[in-house]
Amino acid sequence: MVDISAKSLQIFLRDAAATLQLGIKLGQSLPAGSAILLEGDLGSGKTTLVQGIGSGLGITEPIVSPTFTLINEYTEGRLPLYHLDLYRLQPKEVEGLYLESYWEGIDMPLGIVAIEWAELLPYKPISYLRLCLTYQDESGRLAELMPIGGWQLEFDYSK
Ligand SMILES: Nc1ncnc2c1ncn2[C@@H]1O[C@H](COP(=O)(O)OP(=O)(O)OP(=O)(O)O)[C@@H](O)[C@H]1O
Ligand SMILES: [Mg+2]
């Protein structure tokens, strides 16, 4: 059992299947109201990770990048999944979106909110999982999971 409530956790993801698998584990374990703030260069695997979260939640609809739609919502799984991508926005534009309604569950059921390019958020949830993906020299990615503001999760990554 991996407890990532206290400190950050680094996981090497050797291929896209490993990124998906980490997402699946998260999707199976995350409680309602979880915010996952994803950071990482272009093509580092953010959408792939959210595709895994979706499948861990039991969503069968294909999860596609919200780069142009800004937000995609999926309601068929264990919890609703709100998938956002802020890449094309200016911080001022992000401010006007009232994204806290997603993680606070105002006017919509609490679910999982996963945000790509979370670096652009001018305000953040009180408690969230910061997940950074970085390219490795040969191939693969490094995932760094950092619990912020007392955020807690236990999940079994070995299985
Ligand atoms: N751990 C990994 N090792 C190697 N390739 C990976 C890994 N994880 C994902 N990929 C591949 O990297 C490519 C880009 O992935 P993805 O679209 O998820 O990135 P992204 O961070 O969402 O990109 P963008 O910044 O454009 O939104 C895909 O071809 C995906 O299969
Ligand atoms: Mg993406």
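Here are legends for several close-up views of this predicted model.

**View 1. The sheet, strand by strand.**
Let's start with the seven strands that make up an open sheet, lined up in the order S2-S8-S7-S3-S6-S5-S4 with mixed pairing. Strand S2 (9-13) and S4 sit at the edges, and each of them pairs on one side only. Go from one strand to its neighbour and, ignoring direction, you find an average turn of 20 degrees. At one edge, S2 and S8 pair in the antiparallel sense over five bridges. If you look for Leu13 there, you'll find it standing opposite Arg141 in S8.

**View 2. Two helices on the sheet.**
Next come the helices that lie against those strands. The sheet, with its order S2-S8-S7-S3-S6-S5-S4, has H1 packed on it, where H1 touches S2 and S8. The direction of H1 makes about 140 degrees with that of S2. H2 also packs on the sheet, and its list of touched strands is S3, S4, S5, S6 and S7. Compare directions here and H2 makes about 170 degrees with S6.

**View 3. Around ligand 1.**
Which residues come closest to ligand 1? They are Ala16, Gly45, Lys46, Thr47 and Thr48, out of 18 residues that surround the ligand. Helix H1 (16-29) and helix H2 (46-57) each bring at least two residues to this shell. Sort the shell by class and you get 10 polar residues, four nonpolar ones and four charged ones.

**View 4. Arg141, a charged residue on the inside.**
Zoom in on strand S8 and you'll come across Arg141. Is Arg141 buried or exposed? Arg141 counts as buried because 25 other C-beta atoms lie within 10 Å, and the cut-off for that label is 20 or more. Setting aside neighbours within four places in sequence, Arg141 is in contact with Leu13, Thr19, Ser44, Gly45, Leu133, Thr134, Tyr135 and Gln136. Now find Ala16: its C-alpha atom is 8.8 Å from that of Arg141, although the two residues are 125 residues apart along the chain.

**View 5. The largest nonpolar core.**
In soluble globular proteins, nonpolar side chains tend to be buried together. Here, the largest nonpolar core has 38 residues, and Leu37, Ile112, Val113, Ala114 and Ile115 have the most contacts inside it. Plenty of elements chip in with at least two residues each, including H1, strand S3 (34-40), H2, helix H4 (100-104) and strand S6 (112-116). The biggest giver is S7, with five residues. To get a feel for the packing, pick Val113: not counting residues up to four places away in sequence, Val113 touches Ala35, Tyr82, Leu84, Tyr102 and Trp103.

**View 6. Strand S5 and its two partners.**
How many of the residues in S5 are buried? The count is five of five, so S5 is mostly covered, with 20 or more other C-beta atoms within 10 Å as the cut-off for each residue. In a regular strand the side chains alternate between the two faces of the sheet. In S5, Leu81, His83 and Asp85 point one way, while Tyr82 and Leu84 point the other way. On one side, strand S4 (residues 71-74) pairs with S5 in the antiparallel sense over four bridges, with Asn72 standing opposite His83. These two strands form a hairpin with six residues between them. S6 also pairs with S5, this time in the parallel sense over five bridges, and there Tyr82 stands opposite Val113.

**View 7. Tyr74 in an edge strand.**
Tyr74 belongs to strand S4. Tyr74 counts as buried because 22 C-beta neighbours lie inside 10 Å. Leave out its neighbours within four places in sequence, and Tyr74 is in contact with Gly54, Ile59, Glu61, Ile63, Pro80 and Leu81.

**View 8. Two loop residues with a positive phi.**
Tyr98 is not a glycine, yet its phi is positive at about 50 degrees. Look for Tyr98 in the loop between helix H3 (91-95) and H4. With 12 other C-beta atoms within 10 Å, Tyr98 is exposed. Trp117 isn't a glycine either, and its phi is positive at about 60 degrees. You'll find Trp117 in the loop between S6 and S7. Trp117 counts as buried, with 20 C-beta neighbours inside 10 Å.

Key
Residues numbered from 1 in each chain as written. Chains lettered and ligands numbered in written order. Predicted model: local features only at pLDDT ≥ 70, side-chain atom pairs only at ≥ 80, totals over all residues. Near = placed C-beta within 6 Å. Nonpolar A, V, L, I, M, F, W, Y, C, P; charged D, E, K, R; others polar. Core = buried A, V, L, I, M, F, W, Y, C linked by C-beta atoms within 7 Å. Contact = placed C-beta atoms within 7 Å. Pairing = 2+ DSSP bridges. Axes fitted to C-alpha atoms, helices over the stretch in contact; angles between N-to-C directions.
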